[in-house]
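Open the model in your viewer and set it to a cartoon view. We will go stop by stop, selecting a few residues each time and looking at what is there.

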Amino acid sequence: METNFQTRMLTIEEGLSDAVQLLRQGEVVAFPTETVYGLGANALDPKACKKIFKIKGRPADNPLIVHIASVKDAKKIVREWTDAAKMCAEAFWPGPLTLVLPKSRIIPDIVSAGLNTVAVRMPAHPAALELIRAAGVPLAAPSANISGKPSPTEGKHVRQDLKGRIPLVIDAGKCSIGLESTVLDLSGKTPVILRPGGVTKEQLETVLGTVEIEREMGESREAFIPSKSPGMKYRHYAPNGEIILIKSADHKKAEKIAGWVAQKKSGNKMALICMEETKGLLSTNDLEGIDFLFVLGSVNRPQEAASHLFEALRSCDEEKINFILAEEMPEEGIGLAFMNRLRKAAGESGFVDPGKI
Ligand code: TXA
Ligand code: MG
């Protein structure tokens, strides 16, 4: 693989024309969306899309989301624009919702990983929309991280992972949502959430009535159940350190945190990722034993707190943390997506042998 790119970081104003030229030449360019940064290529060019898989180290059976800037363009890539799709697009586009629909012939097999459906989304970021419009083609784009790592929510995260592998990152600072889009399967009788994300189940239900959740993702601690969304079966979002989950509803959570901190052997580095309110329950002594503290935000503003999860996990890597105590969130609203990512980051169990700490 070519790894000698300079990887320039430019704003959309500075980089738009270069980005468009690169995309037209079949190259790959990273760009911001409101959820996470995407690694984009011309979705109608199978050779360009193949590069995405190589650059990320992404398994070939994990399909890509196609990003469009108008409903007119969405209609060109699907076989049928259903009533449910129309209602979802009206309510949530541009925004963090991806719709899975039967694909039209113009979508190459590599994009859909051989499935007969395609995932399509209109992002709510002005730079993304401008780039798609200027490129004049839909952009296939997964999250712009090395496969298995936390998704990038800042331009510099993309650079950390992909420096030398891509020519250009369109940089727009932090992503506002900070967790990926909700992937909603509309190809069957009932809408099914394949991946929880920025648009909540509750929001979808106000528009669609009953919405199901793919089982694998709700209870990821259970034995592996193959999912309809191929990407869900791989290890994801993982920092280098091991994660220990702390239940948000546990009335003894401060004691539990203190207990883990007290057990830590010298030489190991321990981080705590928690809510503001939980930090307030800890003694000065507990706090002193923590090598790196990342406060996500207040329980009263779960959206904001959730938007910092990937940043927190990446910061733990920068601080060379071996063990990460991570506070859970109630699984409602954005909490469902937050917990889905946190559990996957923790591996299936979220349990670490205390003897190792
Ligand atoms: O917010 C997002 O969705 C970001 C930004 C860049 O748009 N993109 C993103 O892409 O998270 P990626 O590749 O990291 O995740 C795409 C997910 C995977 O779980 C994949 O399996 C699923 O969407 N997916 C894609 N096409 C599908 C299809 N035809 N059927 C079922 N699942 C599909
Ligand atoms: Mg991803």
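The tour below starts with the whole chain and then moves through sheets, helices and two backbone details.

**Stop 1: the whole protein**

Keep in mind that this is a predicted model. With everything shown, the cartoon has 15 helices and 15 strands. Turn the C-alpha trace along its principal axes and you will find that it spans about 60 × 50 × 35 Å. How does the radius of gyration fit a compact globule? For 357 residues, such a globule would have a value near 21 Å, and the protein has 20 Å, which agrees.

**Stop 2: the sheet of 11 strands**

Colour the strands and look for the open sheet that runs β1-β8-β2-β3-β7-β4-β6-β5-β9-β10-β11, with mixed pairing. Which strands stand at its edges? Select 8-10 for β1 and 212-213 for β11: each has a single partner strand, so one side of each is left without a neighbour in the sheet.

Now zoom in on residues 29-31, strand β2, and residues 38-42, strand β3. These two pair in the antiparallel sense over three bridges. Show Ala30 as sticks, and opposite Ala30 you will find Leu39 in β3.

While you are at this sheet, bring helix α4 into view. α4 packs on the sheet and touches β5 (97-102) and β9 (182-185). The direction of α4 makes about 165° with that of β5.

**Stop 3: α4 against α8**

Stay with α4, which is residues 83-92, and add α8, residues 201-208. The two helices pack at an angle of about 125°, and their axes are 10 Å apart. That angle makes α4 oblique to α8. The crossing of α4 and α8 is right-handed.

To see the contact itself, show these side chains:

- from α4: Ala84, Met87, Cys88, Ala91 and Phe92;
- from α8: Gln203, Leu204, Val207 and Leu208.

By class, the contact of α4 with α8 has eight nonpolar residues, one polar residue and no charged ones.

**Stop 4: a cis bond after α4**

Move on to the loop between α4 and β5, where you will find Pro94. Is the peptide bond from Trp93 to Pro94 cis or trans? The bond is cis, with omega near -10°.

**Stop 5: α1 against α6**

Select residues 12-24 for α1 and 126-135 for α6. Their axes come within 9 Å and cross at roughly 40°. α1 and α6 are therefore oblique to each other, and their crossing is right-handed.

On the α1 side, the contact is made by Ile12, Leu16, Ala19, Val20, Leu23 and Arg24. On the α6 side, show Ala127, Glu130, Leu131, Ala134 and Ala135. The residues of this contact between α1 and α6 divide into nine nonpolar, no polar and two charged.

A short detour takes you to Thr7, in the segment before β1. Thr7 has a positive phi of about 55°, although it is not a glycine.

**Stop 6: the sheet of four strands**

Next, find the open sheet with the order β12-β15-β13-β14, where the pairing is parallel. Which strands stand at the edges here? They are β12 (242-246) and β14 (292-295), each with a single partner strand, so one side of each is left without a neighbour in the sheet. Neighbouring strands of this sheet are turned by 20° against each other on average, direction ignored.

Select β12 together with β15, residues 323-327: the two pair in the parallel sense over five bridges. Within this pair, Ile244 stands opposite Leu325 in β15.

Add α14, residues 309-318, which packs on the sheet and touches β12, β13 (270-274), β14 and β15. The direction of α14 makes about 170° with that of β14.

**Stop 7: α14 against α15**

For the last stop, keep α14 and select residues 335-345, helix α15. The axes of these helices come within 11 Å and cross at roughly 20°. That makes α14 roughly parallel to α15. α14 passes α15 in a right-handed crossing.

Show Leu309, Phe310 and Leu313 of α14, then Phe338, Arg341, Leu342 and Ala345 of α15, and you have the residues that make the contact. Those of the contact between α14 and α15 divide into six nonpolar, no polar and one charged.

Terms used:
Residues are numbered from 1 along each chain as its sequence is written. Chains are lettered from A and ligands numbered from 1 in the order in which they are written. This is a predicted model: local features need pLDDT of at least 70, side-chain atom pairs count only at pLDDT 80 or more; totals for chains, interfaces and linings use all residues. Side-chain values use heavy atoms; hydrogens and water are left out. Axes are lines fitted to C-alpha atoms, for helices over the stretch in contact, and angles run from 0 to 180 degrees between N-to-C directions. Angles under 35 degrees count as roughly parallel, over 145 as roughly antiparallel, 65 to 115 as roughly perpendicular and the rest as oblique. A crossing is left-handed if the near helix is turned anticlockwise from the far one by less than a right angle, and right-handed if clockwise. Contact means heavy atoms within 4.5 Å. Ala, Val, Leu, Ile, Met, Phe, Trp, Tyr, Cys and Pro count as nonpolar, Asp, Glu, Lys and Arg as charged, and the others, Gly among them, as polar. Two strands pair if DSSP finds at least two bridges between them. The radius of gyration is taken over C-alpha atoms; the globule rule is 2.2 Å times the number of residues to the power 0.38.
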